[in-house]
Protein chains: 2
Amino acid sequence: MNNEEKYESLKLCNQVCFPLYACSKEIIRKYKPFLDEIDLTYTQYITMMVLWEKKSVNVKTLGESLYLDSGTLTPVLKKLESKGYINRERSNEDERNLVVTITKEGENLRDKAISIPAKMGTCVKLSLEEVQCLYNLLYKIIGNVR
Amino acid sequence: MNNEEKYESLKLCNQVCFPLYACSKEIIRKYKPFLDEIDLTYTQYITMMVLWEKKSVNVKTLGESLYLDSGTLTPVLKKLESKGYINRERSNEDERNLVVTITKEGENLRDKAISIPAKMGTCVKLSLEEVQCLYNLLYKIIGNVR
DNA sequence: TATAATTAAATAGTATTCAATTATTTTGTC
DNA sequence: GACAAAATAATTGAATACTATTTAATTATA
């Protein structure tokens with residue numbers, strides 16, 4: 001086996017994770033100007049998405065929804081609290097749990113965010129079938145990896 | 001239109017970027033134990049991939065290959081230099097350019113890394129066709145987004 | 001009931017990202 | 001050809017994110 005062949009598997013062009021990593025970051029970069037308008041980072045945005053749907057959730061459950069642990073979420077939630085979009089308080093039943101609840105202001109933000117998904121859709125420029133295929137493959141990997 | 005419909009596009013389950021983001025991070029998390037063995041972060045690893053192939057490259061070009069800007073690369077490269085895997089020096093022709101060159105130690109690291117792609121392949125558990133499909137979609141998005 | 005094990009979140013340290021700055025080279029104009 | 005303006009490349013600093021460790025609360029077991 002020559003040298004070229006031996007190291008083939010370590011070439012950047014033969015990686016699948018790399019375009020995943022790159023693609024994820026490029027898209028989040030595309031989100032930035034839209035998210036700047038409502039003063040949220042991408043992580044804050046997906047956190048708000050969960051809260052817009054559920055209204056109230058503890059950090060553990062939130063982390064399971066977002067695949068993020070408390071080490072990442074704690075500062076994100078403190079930031080969202082300081083912006084007035086959420087409240088954080090310990091559960092009475094189990095003091096270990098911190099319950100996060102959306103505020104009126106947090107609810108209001110939803111209407112400002114509502115145009116973002118459509119704007120992003122025009123950046124990605126995939127057909128509906130392609131998006132569906134990608135979506136399924138990604139969740140399949142997530143299921144396999146965990 | 002009822003409330004449910006109105007906000008449909010903001011639901012986490014209707015996002016394509018989110019599973020991309022989550023998947024990317026989950027896979028990188030899977031890399032971690034393997035990369036720990038050779039004391040590299042994922043970013044350092046893909047940087048070394050380029051250098052294993054090209055031996056020498058300037059920061060600009062490296063950034064284009066990795067979709068990373070110099071603000072991200074500068075600390076990564078300083079770290080790799082401190083580990084003895086690369087040398088950094090300004091180009092003579094154009095002092096603005098910093099040329100990064102792999103060292104003997106950097107070359108040696110390649111043999112320690114060689115088993116990683118196969119180990120990762122078993123985590124992802126996709127068929128060859130699925131991997132190919134994913135790969136093409138991801139690069140298509142990257143092409144569209146930039 | 002006391003102790004060990006488990007669970008949940010916070011903290012601390014490191015890595016990564018983005019915006020602004022510095023240094024160098026190139027371009028355009030007189 | 002000399003000079004200012006524009007463009008280019010990398011660094012710095014501040015903010016954000018990630019991982020491992022710690023702290024606090026609860027549950028299970030001896």
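Which helices and strands of chain A and chain B each supply at least two residues of the surface near DNA strand C? The legends below start there and then walk through other close-ups of this predicted model.

**Figure 1. The protein surface near DNA strand C, drawn from both chains.** From chain A come helix 2 (17-37), helix 4 (59-66), helix 5 and strand 2 (86-90), and from chain B comes helix 5, each supplying at least two residues. In total, 26 residues surround DNA strand C, and the closest are K25(A), K60(A), T74(A), K78(A) and T43(B). Of the strand's atoms that come within 4 Å of the protein, sugar and phosphate account for 78%. Sorted by class, this surface has twelve charged, nine polar and five nonpolar residues.

**Figure 2. Side chains that reach the backbone of DNA strand C, including K32(A).** Look for the side chain of K32(A), where an N or O atom sits 3.3 Å from a phosphate oxygen of the strand. K79(B) offers a side-chain N or O atom at 3.4 Å from a phosphate oxygen of DNA strand C. R90(A) has a side-chain N or O atom 3.2 Å from a sugar or linking oxygen of DNA strand C.

**Figure 3. The protein surface near DNA strand D.** Here helix 2, helix 4 (59-66), helix 5 and strand 2 of chain B are joined by helix 5 (70-82) of chain A, and each supplies at least two residues. There are 27 residues around DNA strand D, with T43(A), S70(B), T74(B), K78(B) and R88(B) coming nearest. Sugar and phosphate make up 80% of the atoms of DNA strand D that come within 4 Å of the protein. The surface is built from 13 charged, nine polar and five nonpolar residues.

**Figure 4. Phosphate and base contacts on DNA strand D.** Two lysines approach phosphate oxygens of this strand: K79(A), through a side-chain N or O atom at 3.5 Å, and K32(B), through a polar side-chain atom at 3.5 Å. S70(B) turns up at a base instead, with a polar side-chain atom 3.3 Å from a base nitrogen.

**Figure 5. Salt bridges within each chain, including R29(B) with E26(B).** The structure holds 22 salt bridges over all chains, and three are picked out in this view. In chain B, the side chains of R29(B) and E26(B) meet at 2.7 Å, N to O. Both residues belong to helix 2 (residues 17-37) of chain B and are three residues apart, about one turn of the helix. R29(B) is partly exposed, with a relative accessible area of 42%, whereas E26(B) is buried at 5%. In chain A, K11(A) pairs with E8(A), the closest N and O atoms being 3.9 Å apart. K11(A) counts as buried because its relative accessible area is 16%, under the 20% limit; E8(A), at 32%, is partly exposed.

The third pair is K83(B) with D39(B), where the closest N and O atoms are 3.7 Å apart. This pair links distant parts of chain B, 44 residues apart: K83(B) is in the loop between helix 5 (70-82) and strand 2 (86-90), and D39(B) is in the loop between helix 2 and helix 3 (42-54). D39(B) is partly exposed, with a relative accessible area of 48%. Elsewhere, salt bridges that share partners join E26(A), R29(A) and R146(B) into one network.

**Figure 6. Inside the largest nonpolar core, with a look at T47(B).** The largest nonpolar core has 100 residues, of which I27(A), Y45(A), I27(B) and Y45(B) touch the most other members. Leaving out neighbours within four places in sequence, I27(A) contacts M120(A) and V124(A), as well as C17(B), L20(B), I141(B) and V145(B). The view also includes T47(B), which lies in helix 3 of chain B and is buried at 0% relative accessibility. Not counting residues up to four places away in sequence, T47(B) touches L62(B), L66(B), L73(B), V76(B), L77(B) and L80(B).

**Figure 7. K55(B) and its partners.** K55(B) sits in the loop between helix 3 and strand 1 (56-58) of chain B and is partly exposed, at 32% relative accessibility. A polar atom of the K55(B) side chain lies 2.8 Å from the backbone oxygen of W52(B), and a polar contact of 3.3 Å joins the side chains of K55(B) and E107(B). Among the other residues that K55(B) touches are V100(B), I102(B) and R110(B). In sequence K55(B) and G106(B) are 51 residues apart, yet their C-alpha atoms are 9.5 Å apart in space.

Note on methods. Residues numbered from 1 in each chain as written. Chains lettered and ligands numbered in written order. Predicted model: local features only at pLDDT ≥ 70, side-chain atom pairs only at ≥ 80, totals over all residues. Heavy atoms only, no water. Salt bridge = Lys/Arg side-chain N within 4 Å of Asp/Glu carboxyl O. Buried < 20%, exposed > 50% of the residue type's maximum accessible area, 1.4 Å probe, protein only. Helix = DSSP H or I, 4+ residues; strand = E, 2+ residues; numbered from the N terminus. Near = heavy atom within 4 Å. Polar contact = N/O pair within 3.5 Å; in protein donor to acceptor, adjacent residues only side chain to side chain. Nonpolar A, V, L, I, M, F, W, Y, C, P; charged D, E, K, R; others polar. Core = buried A, V, L, I, M, F, W, Y, C linked by side-chain atoms within 4.5 Å. Contact = heavy atoms within 4.5 Å.
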